[in-house]
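Colleague: Please give me a close look at one part of this model, namely its salt bridges. Kindly explain each step for a first-year student, and then place the account beside the rest of the chain.

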Amino acid sequence: MDRLSQAQSELREMDALAAMDSPVHRIHPMCKLYVTILYIVTVVSFPKYNFSGLLVMVIFPVLLFQAAGISVKLCFYKLRIVLPLVCAVGLANPFLDHTPVLRMGGLVLTGGVLSMVTLMMKGVFSLMASFLLISTTSIDSLCAALRKLHLPGILTTLLLLTYRYIGVMIQEVAVMTQAYRLRAPGQKGIHISAWGSFLGQLLLRSADRAEELYSSMRLRGFQGDFHYADVPACRVSSLLFAVGATILILAARYLNIAGLLGSLVMR
């Protein structure tokens, strides 16, 4: 399977994950969106040297992954392209901050190394929470929740169309790549001299396909906004989840959970 076919397969797998049935999948989309935003904001707000406090935050997404029936390993596999970019953000910190924060014999842990690790953890935890939201909520339900929060319709429409038709663009790229290979047998990849014309043809084909899609949408009564999936009323269980998650997340942020756990273990 080539990379384009693999990308299409992974898109279908994400839709299949969102269509599963579990306690997490049944939570109201607005509650899941609220908890995800709260979690990401809380994770980002941790001080750069608070490694132990930040480490506790990994428990929340891991437990929800288990409740949703989705493995954490699958999460890291799906995010394998983005994770190195996120982890590379803090690589310069050890060279900028030489403040010693911990001494263990002859080994000195500097603030730059500690802040680099915490920054990487913030990025990884935020990606885990975002993936959890996407893998347990369909794009239609998510856009419907955003519209109920009065997000501008043009943004939700753009998000929905981008997600729905990114597969169409991948298919167009696959057709063009196959045509190029037939004209250049034995050549590995697309030669750099053909990149400009290849991207130009892709832009023209995308514009033509976009016109066809827009015409079909207008014929079906599209007036600038979608009738999103009907989101059921928020049940008590979803509200309890939102309230309980808020209490736990804020407690992990403002209480020394790691210190309390350590003291209990020492006893």
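Modeller: A residue is called buried when its relative accessible area is under 20%, exposed when that area is over 50%, and partly exposed when it falls in between. The model is a predicted one, and the account that follows should be read with that in mind.

In the whole structure, a search finds five salt bridges. One of them joins the side chains of E13 and K78, with N and O 2.3 Å apart. Because E13 belongs to helix 1 and K78 to helix 5, this pair ties together parts that are 65 residues apart in sequence. The two partners are not covered alike: E13 has a relative accessible area of 35% and is therefore partly exposed, whereas K78, at 14%, is buried.

A further group of salt bridges is centred on helix 10 and helix 11 in this account. The side chain of R205 meets that of E172 in a salt bridge, with an N to O distance of 2.8 Å. This pair links distant parts of the chain, since R205 lies in helix 11 (residues 195–219) and E172 in helix 10 (residues 153–183), 33 residues apart. R209 also forms a salt bridge with E172, and here the closest N and O atoms are 2.8 Å apart. R209 is in helix 11 and E172 in helix 10, so this second pair ties together parts that are 37 residues apart in sequence. With a relative accessible area of 10%, E172 is buried. Its partner R205 has a relative accessibility of 32% and counts as partly exposed, and R209, at 29%, also counts as partly exposed. E172, R205 and R209 belong, together with E212, to a network of linked salt bridges.

A polar residue outside these pairs offers a useful companion case. T137 lies in the loop between helix 8 and helix 9 (139–148), and its relative accessible area of 6% makes it buried. The side chain of T137 makes a polar contact with the side chain of K32 at 2.9 Å, and it also reaches the backbone oxygen of L133 at 3.0 Å. Leaving out residues up to four places away in sequence, T137 touches A18, P29, K32 and L142.

Let us turn to the nonpolar residues. In soluble globular proteins, nonpolar side chains tend to be buried together. Here the largest nonpolar core has 36 residues, of which Y39, M57, F65, F125 and F131 touch the most other members. Among the elements that give two or more residues to this core are helix 1 (3–18) and helix 5 (72–78), the same two helices that hold E13 and K78. Helix 8 gives the most, with eight residues. Apart from neighbours within four places in sequence, F125 is in contact with Y39, V43, L54, M57 and V58.

Nonpolar residues also appear on the surface. Y49, V101, L102, M104 and L107 make a nonpolar surface patch of about 450 Å². Strand 1 (residues 100–104) supplies the largest share of the patch, three residues. M104 lies in this strand and counts as exposed, at 51% relative accessibility.

Terms used
Residues are numbered from 1 along each chain as its sequence is written. This is a predicted model: local features need pLDDT of at least 70, side-chain atom pairs count only at pLDDT 80 or more; totals for chains, interfaces and linings use all residues. Side-chain values use heavy atoms; hydrogens and water are left out. A nonpolar core is a set of buried Ala, Val, Leu, Ile, Met, Phe, Trp, Tyr and Cys residues joined through side-chain atoms within 4.5 Å. Buried means under 20% relative accessible area, exposed over 50%, partly exposed in between (1.4 Å probe, protein chains only). Helices (H or I, at least four residues) and strands (E, at least two) are DSSP runs, numbered from the N terminus. Contact means heavy atoms within 4.5 Å. Patches are made of residues with over 30% relative accessible area and no salt bridge: like charges are joined within 9 Å, nonpolar side chains (Val, Leu, Ile, Met, Phe, Trp, Tyr) within 5 Å. Accessible areas come from the Shrake-Rupley method with a 1.4 Å probe; for residues, only the protein chains shown count as cover. A salt bridge is a side-chain nitrogen of Lys or Arg within 4 Å of a carboxyl oxygen of Asp or Glu. A polar contact is a pair of N or O atoms within 3.5 Å; within protein, one must be able to donate a hydrogen and the other to accept it, and residues adjacent in sequence count only if both atoms are side-chain atoms.
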